[in-house]
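User: Could you take a close look at one part of this model for me? I'd like to hear about a surface region and then about how charged side chains pair up.

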Amino acid sequence: MVDRASLDGSSDASNDSGWLDVEPEEEYEAVVSLFDSQSFQTLDEMLGHCKQHHGFDFLANVRRLQLDFLGAVKLVNFIRRRVQQGQSLPDVISQSDLKDDVYLKPVLDNDAVLFSLDDVLEATDDLADAADEQTRALLARNKQLEAELEAIQSSFADYRLTVHQTLDQRWGNDNDLDSTPAVSSQAAAAEPNSDYYFESYATHDIHETMLKDKVRTDAYRDFIYENKHLFKGKVVLDIGCGTGILSMFCAKAGAAQVLAVDKSDIIDKARENVFNNGLSSVVTCLRGAIEDVTLPVDKVDIIVSEWMGYCLLYEAMLPSVLYARDKYLKSEGLLVPSSATLWIAPIEDQHYISDYVAYWRDVYGFDMKAMQEGVYDEVCIQTMPSASICGDAFPFKILDLRYTRKEDLVFTADWVSKLNRRVDDIDGFLIWFDMFFATSWNEQPPAPQTTPEVWRSNKRGNIAFTTGPYGTETHWRHGLLLAAPQASPPDLPHSCPMSGSIKFSVLEQNSRALMIDASWSSVGQERSQSWELK
């Protein structure tokens with residue numbers, strides 16, 4: 001303890017009679033606030049008052065400035081002098097503020113604060129030691145975590161290098177691969193030379209295009225959110241999960257477990273997306289084709305997948321969904337979506353023919369018909385106006401996903417139509433599809449002519465959408481089959497009947513591509529043609 005005589009300037013510790021006081025004088029026990037005239041019985045009470053009412057933490061400043069006993073004395077007197085002179089304290093008190101020895105002289109006579117500083121400093125030292133020990137422990141843990149992170153990053157870098165080298169070797173040997181596949185859902189069918197297909201879905205622009213297709217994404221979201229009772233507590237399998245959007249819809253709807261499967265590198269982004277949205281406890285991301293991965297469950301309650309390609313079956317992803325249905329889906333489990341309808345309609349659009357076909361016969365005076373190569377042999381993926389439709393549309397194929405088999409995806413179907421206006425000739429045909437989402441296994445697919453609007457109105461929770469020319473444009477657009485022109489086309493009157501057949505099959509050199517054959521007859525003339533979609 002500091003000698004009180006040294007602080008109050010008195011060297012006489014006895015009273016006038018020469019007898020020592022039996023009890024200490026009360027004036028030394030009053031602890032006066034540093035900032036006002038209030039007195040307290042203990043130093044702790046006074047310091048608490050300063051912290052609560054004046055926003056000043058004396059002990060924190062002692063620790064911050066690393067003050068010894070004399071430094072603490074200076075701090076007390078510095079504060080009292082500034083208060084006495086009506087001056088405010090600096091925003092942050094520094095060592096330079098306390099360097100003047102004038103602050104060793106007490107501002108208050110018999111200042112009880114100064115007599116108790118030893119105890120305060122001891123407590124501060126104990127706290128500092130504890131803080132130092134905690135800091136050392138945290139620094140050690142931080143160093144350990146940094147080392148672990150560095151090891152993980154190094155391993156990941158090695159992994160990526162290996163993947164890139166493997167893909168470079170594979171692509172270098174597979175020079176006969178088809179061009180980049182059309183934008184649609186990922187396929188999960190495992191087959192030789194399919195790696196390029198899957199890796200094309202690792203690019204962000206494809207997924208951005210699909211996510212921004214509100215017809216597509218809203219349909220899945222609306223079905224899942226409007227039927228949360230179907231998903232609550234269930235195990236869901238998402239095939240070709242892409243960015244994970246459908247899996248996260250299911251998790252938000254209350255699914256107990258969602259298994260998100262994709263063979264493309266996009267699965268890494270899906271895993272990040274799931275983590276960043278706090279859904280890792282529900283959604284498990286698995287890399288690989290559905291035919292190859294090992295699921296952590298024997299059966300699932302629901303299968304969700306956006307498997308549709310151009311003209312519905314391009315990219316051949318549906319067989320993977322059918323495989324998963326047969327292997328993993330519980331009896332009478334839910335398929336999302338549940339059925340699809342393919343449509344065909346004749347078209348006549350002279351503006352399109354002029355702009356995209358005849359145009360090449362006279363380009364600034366030059367014949368560039370070479371640029372027309374393939375125009376009558378390949379399916380054009382275009383968004384065509386409804387005005388180009390010149391006859392009744394016909395639903396030529398319904399796929400009930402409950403019972404569809406892989407072999408059902410190669411088929412020939414008949415169709416009929418009737419022209420709704422007079423045309424000089426048929427320019428070709430348009431292909432599109434409608435998708436339907438049923439709320440139970442037992443719900444039958446819609447009748448052939450059922451529109452998505454009618455389906456939605458039939459039952460609460462039913463969802464459907466069209467990719468056709470009478471609806472909002474989608475990223476699938478339409479499949480345009482341009483008919484080769486005739487030398488002497490017949491005049492086709494209004495209400496002229498047409499009939500024909502259409503065949504979907506797989507290209508021998510590319511099982512993900514389509515071959516579409518069509519034959520048709522009108523006014524006694526029969527014609528046929530084939531188109532590739534690759």
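Analyst: M368 counts as partly exposed because its relative accessibility is 33%, a value between the 20% and 50% cut-offs. Bear in mind that this is a predicted model. M368 sits in the loop between α14 (350–356) and β9 (380–382). On the surface, M368 joins Y364, F366 and M371 in a nonpolar patch, and together these residues have about 530 Å² of accessible area.

Now for the charged side chains. Side chains of opposite charge can pair when their charged atoms come close. Over the whole structure, a search finds 25 salt bridges. One of them links E208 and K212, at 2.6 Å from N to O. K212 counts as exposed because its relative accessibility is 60%, whereas E208, at 41%, is partly exposed.

D326 and R325 also form a salt bridge, with their closest N and O atoms 2.9 Å apart. Here the partners fall in separate classes: D326 has a relative accessible area of 55%, so D326 is exposed, while R325 has 8%, so R325 is buried. Elsewhere, salt bridges that share partners join K214, D218, R221 and D222 into one network. Within that group, the side chains of D222 and R221 meet at 2.9 Å, N to O. D222 is partly exposed at 22% relative accessibility, and R221 is partly exposed with a relative accessible area of 31%.

For contrast with the surface patch, consider helix α11 (residues 245–252): six of its eight residues are buried, namely L246, S247, M248, F249, C250 and A251. Just after α11, G254 takes a positive phi of about 110 degrees.

Technical notes
Residues are numbered from 1 along each chain as its sequence is written. This is a predicted model: local features need pLDDT of at least 70, side-chain atom pairs count only at pLDDT 80 or more; totals for chains, interfaces and linings use all residues. Side-chain values use heavy atoms; hydrogens and water are left out. Patches are made of residues with over 30% relative accessible area and no salt bridge: like charges are joined within 9 Å, nonpolar side chains (Val, Leu, Ile, Met, Phe, Trp, Tyr) within 5 Å. Accessible areas come from the Shrake-Rupley method with a 1.4 Å probe; for residues, only the protein chains shown count as cover. A salt bridge is a side-chain nitrogen of Lys or Arg within 4 Å of a carboxyl oxygen of Asp or Glu. Helices (H or I, at least four residues) and strands (E, at least two) are DSSP runs, numbered from the N terminus. Buried means under 20% relative accessible area, exposed over 50%, partly exposed in between (1.4 Å probe, protein chains only).
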